[in-house]
Amino acid sequence: MLRRALLSMSRSNRIRHLVVTAPVSRSVVTRFVAGTTVEEAVASTGSLVDRGLLASMDFLGEDTEQLEQATRTREAYLRLLRLLADEGLTGAVEVSVKLSAVGQALAGDGEKIALDNAHVICAAARAAGTTVTLDMEDHTTTDSTLSILRELRADFPATGAVLQAYLRRTEGDCRDLAYEGSRVRLCKGAYREPESVAYQGKRDVDLGYVRALKILMAGHGYPMLATHDPRLVAATEELARRHDRPKDGYEFQMLYGIRPHEQERLAAQGQRMRVYVPFGDEWYGYLVRRMAERPANLVFFLRAVATKG
Ligand code: FDA
């Protein structure tokens, strides 16, 4: 119930306005968001890389309703990629892009605009020596996102995809995408979805993750296992052994600020461990989804608001 209420909140403009203008302590946001400017975020990412971690940086923003905003997001990514290259970080840092932030949801030509913007970002990423992964949003965008992915991969084969274990369709998508050179991030899924398309209970979602994980680890692509779940981390290590996958044949991914000690533990064991680093002013939807995943995060948030108030 709480999860569903919070996920509805994540899309409410009225509540968004109330929360972002509330006197929330900066510490709440900075625990999960690596800064509001590109410079701050690149500095935080640099210190992760110094500690042996990889990163994927996400300029926060979604559901863009104006063409100009989509263009600004594209330009922010280009600036980010230039700075990453100047700092010598592109060997360890890629970028994650939400297609809705670069125009996918715009009426009329949205899909084409998103494809064009994403194409420009992929070209800049290649020139900088790195890659792009397309985040996956709610299920109404899955077909469009996978179709844009196919087009981008024709020119940039290393473009990463994201599949969500809670969707009933995902095992089939895993089979389609488990080919040589295909980078696939598998996550549980973070949006409020109807029962017709998505498993609702945690156990069913976890079982869906295991089935998808087995397909990806047995396949020919490059699996990127995005989860903080200790049982799924252990299952991945077991499947890697079973399929003789070397440690550079897959990677773990976790979110900035979540289980940082586990991130460092895995990296210290020689695992490829990539941290998803969100930054920017548009942190509201991202932060509320993190609250929905874990009540302890909500308590942390409310305590900080109360303390500040
Ligand atoms: P879950 O939330 O069920 O947690 C499982 C277990 O992990 C917990 O029981 C606990 O043991 C441990 N755990 C979790 N949080 C913890 C904490 N704060 N402290 C200690 N232990 C904790 N979603 C999406 O829809 N589209 C996308 O593109 C992406 N992209 C993405 C990238 C990356 C790198 C990650 C890690 C995640 C995403 N997600 C996402 C979000 C994803 O779908 C999911 O909502 C969250 O990762 C939470 O799911 P978990 O797999 O961590 O399991």
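In this predicted model, 25 residues surround the ligand. The closest of these are M136, G189, T227, H228 and E293.

Three of the named residues can be followed atom by atom. M136 places a backbone N or O atom 2.8 Å from a nitrogen atom of the ligand. G189 also uses its backbone, with an N or O atom that lies 2.6 Å from an oxygen atom of the ligand. For E293, the side chain takes this role: one of its N or O atoms is 2.6 Å from an oxygen atom of the ligand. On its own, the ligand has 960 Å² of accessible area, and the protein covers 84% of that area.

A second feature is a pair of helices. Helix α8 spans residues 170-177, and helix α9 spans residues 202-218. Their axes come within 9 Å and cross at roughly 10°. Angles under 35 degrees count as roughly parallel, so α8 and α9 are roughly parallel to each other.

Where the two helices meet, α8 contributes T170, E171, C174 and R175. From α9 come R211, A212, I215 and L216. Sorted by class, this contact of α8 with α9 has four nonpolar residues, one polar residue and three charged residues.

Methods: Residues are numbered from 1 along each chain as its sequence is written. This is a predicted model: local features need pLDDT of at least 70, side-chain atom pairs count only at pLDDT 80 or more; totals for chains, interfaces and linings use all residues. Side-chain values use heavy atoms; hydrogens and water are left out. Axes are lines fitted to C-alpha atoms, for helices over the stretch in contact, and angles run from 0 to 180 degrees between N-to-C directions. Helices (H or I, at least four residues) and strands (E, at least two) are DSSP runs, numbered from the N terminus. Angles under 35 degrees count as roughly parallel, over 145 as roughly antiparallel, 65 to 115 as roughly perpendicular and the rest as oblique. Contact means heavy atoms within 4.5 Å. Ala, Val, Leu, Ile, Met, Phe, Trp, Tyr, Cys and Pro count as nonpolar, Asp, Glu, Lys and Arg as charged, and the others, Gly among them, as polar. A residue is near a molecule or strand if one of its heavy atoms lies within 4 Å of it. A polar contact is a pair of N or O atoms within 3.5 Å; within protein, one must be able to donate a hydrogen and the other to accept it, and residues adjacent in sequence count only if both atoms are side-chain atoms. Accessible areas come from the Shrake-Rupley method with a 1.4 Å probe; for residues, only the protein chains shown count as cover.
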